[in-house]
Amino acid sequence: MAMLKVSDLNVYYGVIQAIKGISFEVNQGEVIALIGANGAGKTTILHTVTGLLRAKSGKIEFEGTDITKMPGHKIVTLGMAHVPEGRRVFADLSVYENLILGAYTRKDKEEISKTLEMVYRRFPRLQERKTQLAGTLSGGEQQMLAMGRALMSHPKIILMDEPSMGLSPIFVNEIFDIIKQVSASGTTVLLVEQNAKKALEIADRAYVLETGKIVKSASADELMNDDSIKKAYLGE
């Protein structure tokens, strides 16, 4: 059984249809990439899956539970975390306070402390800057904080929206290395990423979106070697 299953999903903004009958699956332990041009509907999909947007029709199932009409805060408690586009850290709170907010659905203080230690091990820079206000961090550090905050909820699946956006090449490589580590530690990843080459390098499979429709799906290796994908998304 797929961990996340999306069936015939239709999403509208007013009268404009943004998502047109798409279906896809994410299996436990996979890294799945959604790639496509700006405006293809990638972010809309993540917002709908995490309960920020309501689907007009279709079905979203997480571990066999229908979450199509479930509010976002309840979806988090099932084990789904979302790292939004633009990072959205709480600028006036410290790094530590941002991280602790990520664990708001959890009650066991000892377990939260263990997760915090794990996040600090994975992101040593966050530990160095734990008392610093999040708004004073660099873009790359804020991205790390957004990822660390999501991991504090101890998710089964993490949805990441454009994690490399606006980052220097060095930080981009670092962020993708961390995504690989997150996956290797057993967390399933659904990745939306403008940098298709980077996404395909770490993904198991990928779905290609054009104007709200899935036009191609295959293993990441196949798509990397697909001439039409190379031309459209990989700049080759």
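A residue counts as buried here when its relative accessible area is under 20%, as exposed when it is over 50%, and as partly exposed in between, using a 1.4 Å probe and protein chains only. By that yardstick Val26 is buried, because its relative accessible area is 0%.

Before going on, some ground rules. This is a predicted model, where local features need pLDDT of at least 70 and side-chain atom pairs count only at pLDDT 80 or more, while totals for chains, interfaces and linings use all residues. Residues are numbered from 1 along each chain as its sequence is written, and side-chain values use heavy atoms, with hydrogens and water left out.

**The whole protein**

The protein has ten helices and ten strands; helices (H or I, at least four residues) and strands (E, at least two) are DSSP runs, numbered from the N terminus. Its radius of gyration is 17 Å, close to the 18 Å that the globule rule gives for 236 residues, so the protein is as compact as a globular protein of that length. That radius is taken over C-alpha atoms, and the rule is 2.2 Å times the number of residues to the power 0.38. Along the principal axes, the C-alpha atoms fill a box of roughly 45 × 40 × 35 Å.

Buried residues make up 50% of the 236. Contact means heavy atoms within 4.5 Å, and among contacts between residues at least 6 apart in sequence, 67% join residues at least 24 apart. As for charge, there are 29 positive and 28 negative side chains, with the centres of the two sets 4 Å apart. Lys and Arg count as positive, Asp and Glu as negative, and His and the chain ends are not counted; each charge is placed at NZ of Lys, CZ of Arg, CG of Asp or CD of Glu.

**Strand 2 and its partners**

Val26 sits in strand 2. Leaving out residues up to four places away in sequence, Val26 touches Ala2, Met3, Leu4, Ile32, Ile157, Thr188, Leu190 and Arg205.

The structure holds one aromatic pair. Phe24 and Tyr207 form this tilted pair, 5.6 Å centre to centre with 55° between the planes. Phe24 belongs to strand 2 (residues 16-26) and Tyr207 to strand 9 (residues 205-210), so the pair links parts of the chain 183 residues apart. Both Phe24 and Tyr207 are buried. For the term itself, rings of Phe, Tyr and Trp (its six-membered ring) pair if their centres lie within 6.5 Å; planes under 30 degrees apart are stacked, over 60 edge-to-face, and the rest tilted.

**Two helices**

Helix 1 (residues 42-49) is mostly covered, with six of its eight residues buried. Just after helix 1, Gly51 takes a positive phi of about 85°.

Arg122 is in helix 4 (residues 109-122). Apart from neighbours within four places in sequence, Arg122 contacts Leu151, Ile178, Gln181, Val182 and Ser185. Arg122 and Val182 are 60 residues apart in sequence, with their C-alpha atoms 9.0 Å apart.

**Two loop residues**

Glu162 and Thr211 each have a positive phi in a residue other than glycine.

| Residue | Phi | Loop | Relative accessible area |
|---|---|---|---|
| Glu162 | near 50° | between strand 7 (157-161) and helix 7 (169-184) | 3%, buried |
| Thr211 | near 40° | between strand 9 and strand 10 (213-219) | 57%, exposed |
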